[in-house]
Each structure stands twice: as C-alpha cells, then as structure tokens.
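Visitor: I would like a close look at a single part of this protein, followed outward to whatever can be said about its surroundings. Please take it slowly and keep it connected.

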Amino acid sequence: MKTRLIEPRPSWILLGLTLLVSACGEAPEGPIALQAAVDTVDGVRRLAYPEGGAAQLDWQLDTAALIGGFGADSEEYQFDQVGPGSLAGDASGDLYLIDQTGKRVLGYDRAGSFLGSWGREGSGPGELQMPIGLGVGRGDTLWVLDGSNQRITLLPLDPEAEPSSIPFPPGSSMMGGRIIPVVDGAYGVFARFSFRPGDDTGPPPRPLGRLGHDGVAADTVWEAPAPKFDQIEVTSGNRVMVMMAQQSFAPGFHWDRFADGSFALAQGPEYDIRVVGADGLERFRIRREPAARATTPADQEFERDRLREASVTGTFPGAEEMMEKRLEALTFAEVVPRLTGLAVDTQNRLWVGVSVTRPGETDRIDVYGADGSLLGEILEPEFFPDLIYGDGLVARITADELDVQQIVVYELVEGGSAAD
C-alpha cells in the first residue's frame, strides 16, 4: 500500500484534491476487528495483539482547504509558530489556531473562510503573552493556555461578551500545551520545574489532572514519569547561556479523552496503552507487537541530521555555538519508542501512530474502538493528524515550498477495509 500526497498550493480556497492513505481494492461493508489474546492482571484486562493480521483501512483524506502560506496576502491568513496543542475545532467544523507571533487566536470555517480574531498581546483581560494551548469550551468560548500570564484565558466568540480567566495554582503551569475544557474546568498536564546551572535536579513527574474554574488543581488522573533532560552551557563573550534539552528518543506522554470521560494514556517506549477512568482507576490495557527496538548508530545520526535541518542559526549571539554544543552533548535513550501519537476522534475511536523503522516518524496508524477492539490500520501514512474534529475533519500543520507555515484541512472518507 502506498500513500500519495498531492502537493498543495498556498491559498485558502476549497480544493478537490485527494490524499490516498491505502491501496485500492475490494472493501467489505466494514472493518473486521483482529482478535486479541486477553488475560486479566489485578482485575485489569490486558489485550495483546500480534504485529500482523489487522484489516487495512481503505480510507481517504480529501483536501478541503488550505489556510495560510506565502501566497496569503491578508493578515487574516498570516500566522506562525502554530504547534499541535495550538489547534482546536468545534462540532460544526470551525477551526481555531494560536498565532504565537501575533499573540492572538484566528478562526476559519471548514472551507477556510476567515471567521475572526480574538486576543492581543498584553497581560490584561483577554490579552495573551505566551499562548501555548487551545481548546473550545461550552458557550462558544475559546480557552487559551497562557504560560507567561500563568492562567487560562477565556475568550468568548461573541465580541460583545467579556473575557475572563482561570489562574494557575501557585508555582505551577501547564507546560504540555494541550487542554480539554469540560463542564467543571479543563484537563491538562501540570508541571513545576526550575533549575540553576550545575544543578542536577531534574523535572518532577507530570500529572494529568483538572484545573477547576476556581484555579484549584483537582482530580489527578495519572502521573507520568518525567523525561530526562541534558543541561548545556555555552559562553559567548561575557554571556553565559544555559539550555535544557530533552534526551533524544525519550518517550513522550500521549493522552486523549473519550466521550465517557475516560482517558487513553501512553507514557513509555513500548506499545502499551492504558485506558483509565477520570478517577484514575485502570480499566484495560492495549498492547501490540513488536517490542520497542534498540537505538542504533544510524538512528543517532538520523537525529543529529534532523536537529541540524530544524535549527535556525544566527538568530542571537552564540546560536551556532549553542547548536554545536547541543549536538556534542546529545544523549540517547536506549530504545526507540514505538508510539508517535494518540488521538480520540469524533466517533470515539482511538488513533495510534506507530514508528516501525523511522525514529519519531509515523509509519502506520492503528485504529481501535472505545472497547479496545482493533478495527484496522492505515499503512504508510504521510502524517499523524495534528487534530481530528467536527464531522470527520482532520487538520495538519505543515509548510509550503517557501517554508511558510500553513494548515491543511481534510475530510475523512471511510471505505471500510481493503485487501492488498
């Protein structure tokens, strides 16, 4: 099966292009779930799936809109530094993004037409300093995670309504960049971390919990171990710069929420997903072969090349030296994590990005039902979705041929499963 991505043009108009995510073939009426080996440990069901044998999903992603890019001649379509946690969508298919450069939130409908702009730079009501996470709450309100202002800023879509905010608990901040608003607050990953040069103290564990409307942290669902960080010090003239960099191939903390309030979590290098209730009690686990593989010298060189390509040198004094020191001090986890992403779609299915050969890149997407049944897999996808929202919409953060950031919106067309 071969994925084909048609190169988009820098505009926001509706397009009729198609991204094929599986090979053509005769499809039955629906996916056939691969059976798992099931055992129970301490009252928790464990579903173990083999590496092969899953149905291949004959799904397509039809390009619906392109937003942004070099060809955008209006500031309504100009943005930068949009990260995965900076996208949010609602049930009607409207898409919102954080423009970190402009300190604002921009909105577009499913065809890419501009809806409006909310927020501006500052520390007053409705103003933003370091917006890093976004969610859509009840009452048509945008919830913006603002690290510098130490709060979640609530921006009503109605321009006549007054903004409000929820302060972070003293000494903490949500550093994960992702929040999920609920009736009684918002879920996110809390962190409390500071360091001094030469201090060996690392970051503490990362709790996933709820921040109430009163600014009190409550309902801790899970506590993931902290990743290992390297401390790099660079002297340039009379300046000493210290950078904390996460160990390469350290497993991420992936999480999302099901419609019933339970959570899917993955925190280690293995293909091991826990489904837990809001009370933190584990309901079942999903595992799939193969095991995480050992890190090789080729993997390490691949990562160094990736960092060199992603770096922007010359932006401040000592930047090039900082990068060289970073590469010299680079350390690697012993194994390459299997999972690259995790998301619950609007039909309450769990999407799991899997690294098979390329470190940190999605070579396969497995799709599960809310009960842990493996519905099928997408082989050789071009990407793992940055956002799944609305009625079968998928958004991807990318860049055009001039490396100007843009968002591609797709409509998911499901065709069951297909044989090779």
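Guide: A strand here is a DSSP run of type E with at least two residues, and strands are numbered from the N terminus. In this predicted model, the part to look at is Gly89, which lies in strand β5, a run covering residues 87-89. With a relative accessible area of 24%, Gly89 is partly exposed, because the buried class is kept for values under 20% and the exposed class for values over 50%.

Who, then, are the partners of Gly89? When the neighbours within four places in sequence are set aside, Gly89 is in contact with Asp94, Leu95, Val136, Leu387 and Tyr389. Val136 deserves a second look, since its C-alpha atom is separated from that of Gly89 by 6.8 Å, although the two residues are 47 apart along the chain. For the protein as a whole, 53% of the contacts with a separation of 6 or more are between residues 24 or more positions apart.

From Val136 one can move on to a sheet, for strand β11 spans 131-137. Four strands make up this open sheet, in the order β11-β12-β13-β14, and their pairing is antiparallel. The edges are formed by β11 and by β14 (164-167), each of which pairs on one side only, and from one strand to the next the twist averages 20 degrees. Strands of a sheet generally pair through backbone hydrogen bonds, in either a parallel or an antiparallel way. At the β14 edge, β13 (residues 151-156) is joined to β14 by 4 bridges, and within this antiparallel pair Leu154 stands opposite Ser164.

Another antiparallel pair can be set beside that one: strand β21 (residues 254-257) and strand β22 (residues 263-266) are paired over 4 bridges, with Trp255 opposite Leu265. These two strands form a hairpin with 5 residues between them, and Gly261, in the turn, has a positive phi of about 95 degrees.

Stepping back to the whole, the secondary structure comes to 2 helices and 33 strands, and 50% of the 420 residues count as buried. The protein exposes about 19400 Å², of which carbon and sulfur atoms supply 49%. Against that background, Gly89 is a partly exposed residue of strand β5, and its contacts include Val136 and Tyr389.

How values were computed: Residues are numbered from 1 along each chain as its sequence is written. This is a predicted model: local features need pLDDT of at least 70, side-chain atom pairs count only at pLDDT 80 or more; totals for chains, interfaces and linings use all residues. Side-chain values use heavy atoms; hydrogens and water are left out. Buried means under 20% relative accessible area, exposed over 50%, partly exposed in between (1.4 Å probe, protein chains only). Contact means heavy atoms within 4.5 Å. Accessible areas come from the Shrake-Rupley method with a 1.4 Å probe; for residues, only the protein chains shown count as cover. Two strands pair if DSSP finds at least two bridges between them. Axes are lines fitted to C-alpha atoms, for helices over the stretch in contact, and angles run from 0 to 180 degrees between N-to-C directions.
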